[in-house]
Amino acid sequence: MRTDRPGGPGAPAGSPGHVVVVGGGIAGLAAAHRLLADGVRVTLLEAGPRLGGKLRSGELAGLPVDLGAESVLARRPEALELARAVGLGEALQAPATATAYLWTRGELRPMPRGHVMGVPGDLGPLAASGVLSPEGLARIGAEHEQPPTEIGEDVAVGAYVAARLGREVVDRLVEPLLGGVYAGDAYRISMRAAVPQLFEAARTHALLGDGVRELQRRAAQQPQAAGPVFAGIDGGIGRLPLAVADACRAAGARILLDTPVSELTRTPGGWRVLAGTEAIEADGVILATPAGAAARLLDGNVPAAAAELRSVEYASMALVTMAFRRSELPASVTGGGASGFLVPPVDGRTIKASTFSSNKWAWAGTDPELFLLRTSVGRHGDEADLARDDADLVGVSLADLGAAVGLAARPVASTVTRWDGGLPQYPVGHLARVARIRGAVAALPGLAVCGALYDGVGIAACVASAHRAADAVTTAIGTPGTDH
């Protein structure tokens with residue numbers, strides 16, 4: 001059995017510390033990248049055959065496509081800075097169009113402006129959109145007649161907003177927007193964790209509408225307010241993890257695929273990681289895995305954290321990506337610059353969203369003959385359709401697209417990407433659970449956790465989580481780091 005211990009007690013003076021990162025998604029790769037920048041030796045172990053996690057590029061009908069996440073939040077710096085650091089700065093792109101729609105109440109309706117995650121601050125655009133009924137609009141305007149709503153230490157987004165502004169605004173605006181991020185149920189998702197700025201507005205304003213307008217005033221004064229909300233990468237966001245991995249290898253990282261970790265043991269000098277038949281000695285370990293895998297590895301060392309991790313629920317979903325002949329598509333798809341549409345679950349459709357990729361991203365729209373679009377199916381508590389085979393998912397997607405935009409063409413090519421257990425859920429109390437997990441893990445020097453289940457499911461949040469874990473481990477093992 002081979003051992004690998006380039007640092008730690010017993011190593012030659014001046015040897016760098018050695019950290020094992022378990023998990024090759026964007027969080028694990030970002031943690032490795034951060035550690036290497038601080039002069040730490042890194043071994044990254046990925047159980048599967050590829051890197052990137054939920055970021056995955058592919059090809060359809062000869063065209064590049066994203067088969068997972070397709071954009072990063074441009075108003076946070078972490079993901080953009082990482083992309084620039086690994087040579088993708090010139091490839092960053094804003095969406096070619098940000099004109100989105102809601103398919104609701106039997107029609108495709110413009111996404112109203114002037115809201116914070118669906119909670120309106122301005123009723124004018126909302127009324128003009130036709131998304132809400134006159135009764136729904138009247139209920140929002142009558143918020144001042146409602147008694148105070150208890151918020152406490154945390155509250156579900158849907159429950160609080162419905163109490164203040166009525167269920168209709170939740171069902172037709174908040175639910176599709178929030179569900180598009182978490183593939184979850186707005187009536188269960190923590191406002192404090194998922195929309196912290198809205199939580200603070202609710203705590204500090206008697207009327208939620210006043211709080212939203214204050215948030216909008218402050219946001220408009222920020223330097224980045226005039227820039228795009230999201231950014232993509234020429235050729236697909238799936239390029240990002242591969243570029244990070246290349247940069248890590250160039251900096252000396254050892255990256256192993258198809259290498260599941262079966263055991264994690266605390267030793268007098270650090271940690272022993274059993275990966276296949278190899279025992280790897282390390283000064284520190286970062287677990288950048290989903291909750292189940294992290295719980296299994298922490299069982300013997302941090303049982304309290306393992307128990308908390310086992311309570312994390314995940315949503316499954318599928319992406320149906322299709323290529324069509326442009327000439328066979330209606331103008332409602334190819335014309336007008338629409339980026340796609342969201343579908344409120346209350347409308348009872350199968351698809352939850354559709355992205356007109358060849359409109360939204362310049363790099364996806366260069367082919368004069370073919371047009372790319374995709375749909376998403378499934379969310380937490382609404383996953384029965386995922387039992388359908390791939391052909392059926394394509395068929396039901398086409399049926400809904402036909403009803404929504406008049407699409408009658410058959411795709412020249414299609415592919416279905418299933419993300420089983422892909423998105424962790426953030427119910428009420430999520431942040432308290434994360435604090436308990438981190439508190440228990442921190443009791444063991446040189447051990448940290450990161451990933452989508454801690455600080456947000458977006459790419460920027462995952463990178464920030466990775467940096468936090470890397471910095472904690474670097475500090476614990478006594479390796480001097482650079483200023484960040």
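How many aromatic pairs does the structure hold? In this predicted model, the count comes to three aromatic pairs.

Take Trp 103 and Phe 341 to begin with. Their ring centres sit 6.0 Å apart and their planes meet at 80°, so this pair is edge-to-face, given that planes over 60 degrees apart fall into that class. Trp 103 belongs to strand S7 (residues 99-104), while Phe 341 belongs to strand S18 (residues 338-342), so the contact ties together parts of the structure that are 238 residues apart in sequence. Both Trp 103 and Phe 341 are buried. There is a bit more to this spot, too: ring pairs join Trp 103, Phe 341 and Phe 356 into a cluster.

Tyr 182 and Tyr 426 make up another pair, with ring centres 5.2 Å apart and planes at 55°, so this one counts as tilted. Tyr 182 is found in helix H6 (residues 167-182), and Tyr 426 in the loop between strand S21 (413-424) and helix H16 (430-442), so here the pair ties together parts that are 244 residues apart in sequence. Tyr 182 has a relative accessibility of 6%, so it counts as buried. With a value of 1%, Tyr 426 counts as buried as well.

Away from the rings, there is a hairpin to look at. Strand S13 (residues 261-267) pairs with strand S14 (residues 270-275) in the antiparallel sense, over six bridges. Just two residues carry the hairpin from S13 to S14. Within this pairing, Leu 264 has Val 273 of S14 as its bridge partner.

Definitions and conventions:
Residues are numbered from 1 along each chain as its sequence is written. This is a predicted model: local features need pLDDT of at least 70, side-chain atom pairs count only at pLDDT 80 or more; totals for chains, interfaces and linings use all residues. Side-chain values use heavy atoms; hydrogens and water are left out. Two strands pair if DSSP finds at least two bridges between them. Helices (H or I, at least four residues) and strands (E, at least two) are DSSP runs, numbered from the N terminus. Rings of Phe, Tyr and Trp (its six-membered ring) pair if their centres lie within 6.5 Å; planes under 30 degrees apart count as stacked, over 60 as edge-to-face and the rest as tilted. Buried means under 20% relative accessible area, exposed over 50%, partly exposed in between (1.4 Å probe, protein chains only).
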